[in-house]
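Good morning, colleagues. Please take a moment with the sequence and the model on the screen, and I shall then go through the main points in turn.

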Amino acid sequence: MRITVDMNLCESHGQCVFAAPEIFSFDDDDHLVYESAPGDALLDRAEKAAAVCPVRAITVSRAAA
Ligand code: SF4
């Protein structure tokens, strides 16, 4: 699985961090950081995070990297 976040769209709402804290978090400057290639066990979490992002900034690809 590959995850990409369009940082031009992201407004740091943080819904993805609540939905999938294993993948998304904020750094000390409140910028979003994320694991771009998490294990497939987190696929459901990743898709949930993508679904709740209010600006649809998150793309989840099932294809192997
Ligand atoms: S939910 Fe979307 S807008 Fe909010 S921090 Fe995550 S990627 Fe950015």
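**Helix α2 and its surroundings**

A49 has its place in helix α2. Please bear in mind that what we are looking at is a predicted model. A49 has a relative accessible area of 0%, so this residue counts as buried. Its C-alpha atom is separated by 7.6 Å from that of V17, and the two residues are 32 residues apart along the chain.

A second pair has the same kind of description. C16 lies in helix α1, and its C-alpha atom is separated by 8.0 Å from that of K48, again with the two positions 32 residues apart along the chain. Is C16 buried or exposed? With a relative accessible area of 9%, C16 is buried, because the limit for that class is under 20%.

Let me turn to the ligand. C16 appears here again: of the 13 residues around the ligand, those that come nearest are C10, H13, G14, C16 and C53. By class, this shell is made up of 8 nonpolar, 4 polar and 1 charged residues.

Where does the ligand sit? The ligand sits in the largest cavity. How many cavities of 30 Å³ or more does the structure hold? The count is 1. The volume of the largest cavity is about 100 Å³. Its lining consists of 15 residues, and C10, H13, G14, C16 and C53 lie nearest the centre of the cavity. In terms of class, the lining divides into 10 nonpolar, 4 polar and 1 charged residues.

I come now to the charged pairs. The count of salt bridges is 2. In one of them, E22 pairs with R45, and the closest N and O atoms are 3.1 Å apart. This pair links distant parts of the chain: E22 is in the loop between α1 (15-19) and β2 (24-26), whereas R45 is in helix α2 (residues 43-52), and the two are 23 residues apart. What is the relative accessible area of E22? The value is 41%, so E22 is partly exposed. R45 is likewise partly exposed, with a relative accessible area of 34%.

The other salt bridge is formed by E47 and R62, with the closest N and O atoms 2.9 Å apart. E47 lies in helix α2 and R62 in the segment after β4 (58-61), so this pair ties together parts that are 15 residues apart in sequence. At 29% relative accessibility, E47 counts as partly exposed. R62, by contrast, is exposed, with a relative accessible area of 58%.

Next, the loop between β1 (2-5) and α1, which is the place of M7. At 43% relative accessibility, M7 counts as partly exposed. M7 and A50 are 43 residues apart in sequence, and their C-alpha atoms are 14 Å apart in space. N8 also has its place in the loop between β1 and α1. Why does N8 count as exposed? Its relative accessibility is 76%, and the class of exposed residues begins over 50%. The C-alpha atoms of N8 and A57 are separated by 8.3 Å, although the two residues are 49 residues apart along the chain.

Finally, a word on backbone geometry. Most residues other than glycine have a negative phi. Which phi does D30 have? D30 has a positive phi of about 65°, and it is not a glycine. D30 lies in the loop between β2 and β3 (32-34). With a relative accessible area of 53%, D30 is exposed.

R56 is another such case: its phi is positive, at about 55°, although R56 is not a glycine. R56 lies in the loop between α2 and β4. At 57% relative accessibility, R56 counts as exposed.

To conclude, I would ask you to keep two points in view. The ligand sits in the largest cavity, and C16, which is buried, is among the residues that come nearest to the ligand. Helix α2 holds R45, the partner of E22 in a salt bridge, and also E47, the partner of R62. Thank you for your attention.

Key
Residues numbered from 1 in each chain as written. Predicted model: local features only at pLDDT ≥ 70, side-chain atom pairs only at ≥ 80, totals over all residues. Heavy atoms only, no water. Near = heavy atom within 4 Å. 1 Å grid on protein atoms, 1.4 Å probe; cavity = no way out; pocket = protein on both sides within 12 Å on 5 of 7 lines; lining within 4 Å. Sits in = over half its atoms within 2 Å of the grid points. Nonpolar A, V, L, I, M, F, W, Y, C, P; charged D, E, K, R; others polar. Points joined across faces, edges and corners; volume = space filled by probe spheres on them. Salt bridge = Lys/Arg side-chain N within 4 Å of Asp/Glu carboxyl O. Helix = DSSP H or I, 4+ residues; strand = E, 2+ residues; numbered from the N terminus. Buried < 20%, exposed > 50% of the residue type's maximum accessible area, 1.4 Å probe, protein only.
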